[in-house]
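Here are my notes on the model you sent, set out as numbered points. Please read them with the sequence and the structure open beside you.

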Amino acid sequence: MAVRVNVQGVGVVEFDDNFKNLSKAEQQDLVNQVANSRRTPGASAPAEKTEGRTQTDTEYLRSALQGILFGFGDEAEGLAFGLYDAATKGKSFKQAYKDARDNARKEIEQFREDDPLAAYGTEVLASLPTALVGGAGLAKAGISAGKGLGAAVGRGAVEGAAYGLGAGEGDAVDQATSAIIGGATGAALTGAVGGVLRSTVAPAPTKAAQELMDRGVKLTPGQQSPTSLIGMVDQGAGKIPSIRVAQMQAVGEFNRAAMNEALEEIGQKVPKDLKDGEVLVYGREAFETAYDAIKKEIEVPDLNKVKFAGQAILQQTKDISPKAAKNLQEEFENLNAYKGMKRASRLDGAAFKEIDSVIGKRAAAYQRQAQMGTSVDAGEIASGLFKLQQELRGALVGKTPAATSRLAKTNQGYGKFKIVQDAAQSAGGEFSPSKLAQASKRADLSPSRRATAEGTARMQPLAQAGKEALTAPPDSGTPFGAAMFMGTGDPNVAARMAGAGLVSPFYRPLSRAALGTARMGRGTIEAGAPAIGGLLGGEFARF
């Protein structure tokens, strides 16, 4: 029976049965002769001791290469040394490749037997960069694309099968079996480990939360994944005033995201230093500028259509407030008398811009009266004027195809802006996702508000995402809720609210950083599943 001996720098060497009959000195001399004549090129000196045998750097490098190449390290070594031996020793490439590959496999197997923790650990760790890059490539190519657990399992299956194919030995059937087992095991491990981590310390964001985050809304862990363990802890912590304040900071960012969706149509975005009412002012001025920029390329060919729409607006206002309708009618008559508008049947771009500006200024004046509470009818009058302005802008057409396209985008954006403006007006300032949803519904002019019923009305998808992600625990019974009812006159309440203001700015970035770190760790652990699955596939395929 042959005797297998691991020769330093060479690998496992088989000696015939007479080797056992030699003395220790003779055995060592024979081993030294083999080591001197057959040392693997590039072998290094001993690195560390494990289980009574010296491990070499070559063994660690070989295992690492096996991991980096997803189980094809032995084939790669066979190719490299096969080419070298074929060129320098006169061997055929086929035989030189087979000898070098088989020697690499023996070395890898021996390392696994002598120190399984070091061998398998090196291989799995070395596979992580390849798995992470490969997973990103698969997602980009549309294979198991996505960000959820199902997508991760799909990538684990594909990568596990690839590793199993590389780790498999023997004929095509053995390698196919190894690939199948590797794929199944890689998927199962990714699902099991990833499922536990995603439901506890490293959850993936919900679809609604991801949509908001893509739009610049910074969410706490509970808003990102409310059903996970860490999410439920964050939601429960909302009873603490400082945490509650931090959670509600996302509402202002949601308002900004809504305005940016409208401005996106004209290639604009709200500057970061603006907030609250400044955001609305910026949006209004941005659309005024956009219409001004194309005024020479547009016209209102049918002004009578706008005048008829004004009569309908008056009737709608009369149904709500007859007094407001009377004042609104006076405003319309003044507009009709403005620079011969009564006799005009069309407007060029310059005339449109002028009358549009007059309507906007009058509407804004009434809107300020409504906000200050100086007139109970001012809100309805402002609403009627804004509706007339919208009808006027809707009657615009472009003089060229390019102008028509540009105008369509501007009108589309302006329609969204009006929804945002309506939501802000109804809320008296910063608005909730529910207020945006209500404004979207009011602006839906489809038959029977079909677009709203189908969930496709303007601004409705964003409003729905906000309703799902930004719904916070009720204030009832919490210190924050008590403060809202009692006011800050009580020194104790004032102190708590002041403390909330000091702590809240730090909670969101710190909590998101902790969650992000946990997700990176989860991604790294999931990335190791294909290598483990592939290794197991190769082992099972041998039986």
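1. The place to begin is the largest pocket, which encloses about 1000 Å³ of space. Its lining is made up of 32 residues, and those closest to the centre of the pocket are Ser383, Lys387, Gln390, Asp422 and Arg442. Please keep in mind throughout that this is a predicted model, and that every value quoted here is computed from it.

2. As to where that lining comes from, at least two residues each are supplied to the largest pocket by helix H13 (303-320), helix H15 (349-372), helix H16 (378-394), helix H17 (401-427) and helix H18 (433-442). H16 provides the largest share, with 9 residues of the lining. Sorted by class, the residues lining the largest pocket are 11 nonpolar, 12 polar and 9 charged.

3. The second largest pocket has a volume of about 660 Å³, and 28 residues line it, with Asp276, Gly277, Val279, Leu280 and Val281 lying nearest its centre. H11, helix H12 (277-293), H15 and H17 each give at least two residues to this lining, whose classes come to 10 nonpolar, 9 polar and 9 charged residues.

4. Asp276, one of the residues nearest the centre of the second largest pocket, deserves a look at its backbone. Asp276 is found in the loop between H11 and H12, and its phi is near 50°, a positive value in a residue other than glycine. Is Asp276 buried or exposed? With a relative accessible area of 57%, Asp276 is exposed, because the cut-off for that class is over 50%.

5. Arg449 also has a positive phi, of about 50°, although it is not a glycine. Arg449 lies in the loop between H18 and helix H19 (450-454). Its relative accessibility is 36%, so Arg449 counts as partly exposed.

6. Besides the pockets, the model holds 3 cavities of 30 Å³ or more. The second largest cavity contains about 70 Å³ of space, and the residues that line it are Arg284, Phe287, Glu288, Gly360, Phe386, Gln389, Arg393, Tyr414, Phe417 and Gln421. Two or more residues of that lining are given by each of H12, H16 and H17, and the lining divides by class into 4 nonpolar, 3 polar and 3 charged residues.

7. Gln367 is worth following, since its contacts include residues named in the previous point. Gln367 lies in helix H15 and, leaving aside residues up to four places away in sequence, touches Ala382, Phe386, Gln421 and Gln425; Phe386 and Gln421 are among the residues that line the second largest cavity. The C-alpha atoms of Gln367 and Ala378 are separated by 6.4 Å, with the two residues 11 apart along the chain. Why is Gln367 classed as buried? Its relative accessibility is 16%, and buried means under 20%, so Gln367 falls in that class.

8. Turning to the packing, the largest nonpolar core has 64 residues, of which Leu212, Leu385, Leu392 and Leu436 touch the most other members. Leu212 touches Val217, Leu219, Phe254, Leu462, Ala465, Gly466, Ala469 and Leu470, when residues up to four places away in sequence are not counted. Apart from the largest core lies another core, of 8 residues, with Val5, Val7, Phe15 and Ala35 among them. In soluble globular proteins, nonpolar side chains tend to be buried together.

9. Two helices can be compared with their expected lengths. Helix H11 (residues 241-263) has 23 residues and spans 34 Å from its first C-alpha to its last, close to the 33 Å expected, and H11 is mostly covered, with 18 of its 23 residues buried. Helix H4 (residues 93-114) has 22 residues and reaches 31 Å between its first and last C-alpha atoms, close to the 32 Å expected. The buried residues of H4 include Ala96, Ala100, Ala104, Ile108 and Phe111, but also Arg101, Arg105, Glu107, Arg112 and Asp114.

10. For the chain as a whole, the secondary structure comes to 23 helices and 7 strands. Of the 543 residues in the chain, 43% are buried. Among contacts with a separation of 6 or more, 65% are between residues 24 or more positions apart.

Note on methods. Residues numbered from 1 in each chain as written. Predicted model: local features only at pLDDT ≥ 70, side-chain atom pairs only at ≥ 80, totals over all residues. Heavy atoms only, no water. Core = buried A, V, L, I, M, F, W, Y, C linked by side-chain atoms within 4.5 Å. Buried < 20%, exposed > 50% of the residue type's maximum accessible area, 1.4 Å probe, protein only. Contact = heavy atoms within 4.5 Å. Helix = DSSP H or I, 4+ residues; strand = E, 2+ residues; numbered from the N terminus. Expected span 1.5 Å × (residues − 1). 1 Å grid on protein atoms, 1.4 Å probe; cavity = no way out; pocket = protein on both sides within 12 Å on 5 of 7 lines; lining within 4 Å. Points joined across faces, edges and corners; volume = space filled by probe spheres on them. Nonpolar A, V, L, I, M, F, W, Y, C, P; charged D, E, K, R; others polar.
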